[in-house]
Amino acid sequence: MTVLRILQLLGGAVFAASGALAAGRKQMDLLGVLVIALVTSIGGGTIRDLLLDRPVFWIADPAFLAISLIAAIVTLVYVRWLHPPEKALEIADALGLGLFTISGTQIALAAGAPGIVAVVMGTITGVAGGAIRDVLSAEIPLILRKGELYATAAIAGSLVYLGLARGGAPESSAAAVGMITTIALRFAAIAWGLSLPVFRLRDPR
Amino acid sequence: MTVLRILQLLGGAVFAASGALAAGRKQMDLLGVLVIALVTSIGGGTIRDLLLDRPVFWIADPAFLAISLIAAIVTLVYVRWLHPPEKALEIADALGLGLFTISGTQIALAAGAPGIVAVVMGTITGVAGGAIRDVLSAEIPLILRKGELYATAAIAGSLVYLGLARGGAPESSAAAVGMITTIALRFAAIAWGLSLPVFRLRDPR
Amino acid sequence: MTVLRILQLLGGAVFAASGALAAGRKQMDLLGVLVIALVTSIGGGTIRDLLLDRPVFWIADPAFLAISLIAAIVTLVYVRWLHPPEKALEIADALGLGLFTISGTQIALAAGAPGIVAVVMGTITGVAGGAIRDVLSAEIPLILRKGELYATAAIAGSLVYLGLARGGAPESSAAAVGMITTIALRFAAIAWGLSLPVFRLRDPR
């Protein structure tokens, strides 16, 4: 079992948990919650694999489906009987974002993509599952809302990883630093409300 | 003409009709209605084919496009001059769900997918077209709303088909029983308001 | 550099500008605006390439990503300091629609698709990016709203191009006339409020 695979499985589990927590805020039935958890977990990597014309990861290896379903069910049981920590959703989501962004960047580079494309692929892997989750819930995706630094955190972590790996750093150190960059930026945005400036048109029409 | 192909064409026609009926409830122009009907009809199978890396069915065989367009136009003419039966949309949609879920499961198995993946593919084939229709109409997809048993009906029918086919039942009997399972569950949900329990977080934040 | 490539690059630039203008009407941060601009610019062609099982154009040639990002940033700077002309969004969008619809039709024909499929592919190339932009903004896509002639303009231009090219007209003339058809129809819809009849059910339930 490679490190990349472990990162992907971990990322899938925490994103499934975040999907289950997000769906729990809507009036959805149990199966709807599982569908949302699964989509959040496998959506980003699925789009990445389609774009790179690789075999879709959870079809090639259904363990990813099983892990995501188990993580979603454990989350449901947990929040039903125990009081989840405040911001549990944001924390799970930030961890998933870091894990998936870097593993997506690694996969794209391994598939021969140039650097700019690998950064886009890492970002897609990190943010698309959550974006589909939000679209299915008829909300403007978190990634686009102001004051979240969501795509910003993914792009920054992916660029840091790419720079370190190109600069000759050991693969695992580069990946760890990239992930920490993404997760730390998201935590900072959540904790202190950091944000990029909002773009406002002076007179749109 | 194989039985599978007939099921697919029939499913495409009833889903196109359901898409046209759904779009008729929004303020859309005639072409917008046809676009929604087409998306509802071919959306699920398109995603299935992309995920399985098969040629997309309506590109390989444009008869599917023609059938869907004709079904949508006939539906428009019909509802303009005749009074459609109550619940016409729900009935067409339930038939399409049963036809597409089983044919999607069959196609995935024929492409060599393991059982759990085939069930997911059958469910996607059945529900994704309607989900895209709802997303384009800026609504939370029917599949996720409580009290609908929508994805539940698809998953149950697909599992029944898979169990019977694996257990040695003749292909056509297994397919028929699977389809009836899905359609009957949806009808029951519509008629008696059956539902899965709604998942509610005690204190989400 | 072929004419087709120039059309695609130009279409990408004007769609990126239209995406940036559209995002500027929402409360999004700077990076959110760039993401929306990029999605609007590359979304339609990406779906076309996935459906036709071609290499995705911006992965094969990252120049498209660079052009779109530059166009989006120039648009942001421009509207911040200068007063954009009224209807700037609609005009950029109409130009992108014409350029992308015809280039998408050409690409599908070159990939061996039959005529009806090529028209659908041209229309998808033209309209899907804007539709994803609208869905991400939690709005009903422009393409489906009444009184816009949006998909109508794309389909008409694609059909005109197909007819002329099949009828023996020189490729570049056929493309030019097709593009002008699409752009002129959109301008007419914007200027005079032309529209197709709205489809209304007598008694939907």
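Visitor: Leaving aside its neighbours within four places in sequence, which residues is A:Phe57 in contact with?
Guide: This is a predicted model. A:Phe57 sits in helix α3 (residues 57-60) of chain A. Neighbours within four places in sequence are left aside, and the contacts are then A:Gly45, A:Asp49 and A:Phe64.

Visitor: Is A:Phe57 buried or exposed?
Guide: Count the other C-beta atoms within 10 Å of A:Phe57: there are 20. The cut-off for burial is 20 or more. A:Phe57 is therefore buried.

Visitor: How far apart in space are A:Phe57 and A:Ser137?
Guide: In sequence, A:Phe57 and A:Ser137 are 80 residues apart. In space, C-alpha to C-alpha, the separation is 25 Å.

Visitor: What pattern does chain A follow along the sequence?
Guide: Chain A has eight helices and one strand. Of its 205 residues, 59% are buried. Among contacts between residues at least 6 apart in sequence, 69% join residues at least 24 apart. Read along the sequence, the pattern is α-α-α-α-α-α-α-α-β.

Visitor: Is helix α1(A) parallel or oblique to α4(A)?
Guide: Helix α1 (residues 3-23) and helix α4 (residues 63-81) of chain A pack with their axes 8 Å apart. The angle is about 40 degrees. Angles under 35 degrees would count as roughly parallel. That makes α1(A) and α4(A) oblique.

Visitor: How many charged residues are in the contact of α1(A) with α4(A)?
Guide: The crossing is right-handed. From α1(A) the contact includes A:Leu9, A:Gly12 and A:Ala13, and from α4(A) it includes A:Phe64, A:Ile67 and A:Ser68. By class there are 12 nonpolar residues, four polar and, for charged, no residues.

Visitor: At what angle do α5 and α7 of chain B pack?
Guide: The pair is helix α5 (residues 88-110) and helix α7 (residues 150-166) of chain B. Their axes are 9 Å apart, and the angle is about 45 degrees. That makes α5(B) oblique to α7(B). The value asked for is about 45 degrees.

Visitor: How many nonpolar residues are in the contact of α5(B) with α7(B)?
Guide: α5(B) passes α7(B) in a right-handed crossing. B:Leu97, B:Gly98, B:Thr101, B:Ile102 and B:Thr105 in α5(B) meet residues of α7(B) including B:Ala153, B:Gly157 and B:Tyr161. No residue in the contact is charged, five are polar, and the nonpolar ones number six.

Visitor: What should the 22 residues of helix α8 of chain B span?
Guide: Helix α8 of chain B covers residues 171-192. Its end C-alpha atoms are 31 Å apart, which agrees with the expected span. At 1.5 Å a residue, that span is 32 Å.

Visitor: Which helices do the buried residues of α8(B) pack against?
Guide: The buried residues of α8(B) include B:Ala174, B:Gly178, B:Met179, B:Leu185 and B:Arg186. They pack against chain B helices α5 and α7.

Visitor: Which residue just after α8(B) takes a positive phi?
Guide: The phi is about 65 degrees. The residue is B:Gly193.

Visitor: Where does B:Asp53 lie?
Guide: B:Asp53 has a positive phi of about 55 degrees although it is not a glycine. With 15 other C-beta atoms within 10 Å, B:Asp53 is partly exposed. Its place is the chain B loop between α2 (30-52) and α3 (57-60).

Visitor: Where is C:Asp53 found?
Guide: Phi of C:Asp53 is near 55 degrees, a positive value in a residue other than glycine. C:Asp53 is partly exposed, with 15 other C-beta atoms within 10 Å. C:Asp53 is found in the chain C loop between α2 (30-52) and α3 (57-60).

Definitions and conventions: Residues numbered from 1 in each chain as written. Chains lettered and ligands numbered in written order. Predicted model: local features only at pLDDT ≥ 70, side-chain atom pairs only at ≥ 80, totals over all residues. Axes fitted to C-alpha atoms, helices over the stretch in contact; angles between N-to-C directions. Helix = DSSP H or I, 4+ residues; strand = E, 2+ residues; numbered from the N terminus. Parallel < 35°, antiparallel > 145°, perpendicular 65-115°, else oblique. Left-handed = near helix turned anticlockwise from the far one by under 90°. Contact = placed C-beta atoms within 7 Å. Nonpolar A, V, L, I, M, F, W, Y, C, P; charged D, E, K, R; others polar. Buried ≥ 20, exposed ≤ 12 C-beta atoms within 10 Å, placed from the backbone. Expected span 1.5 Å × (residues − 1).
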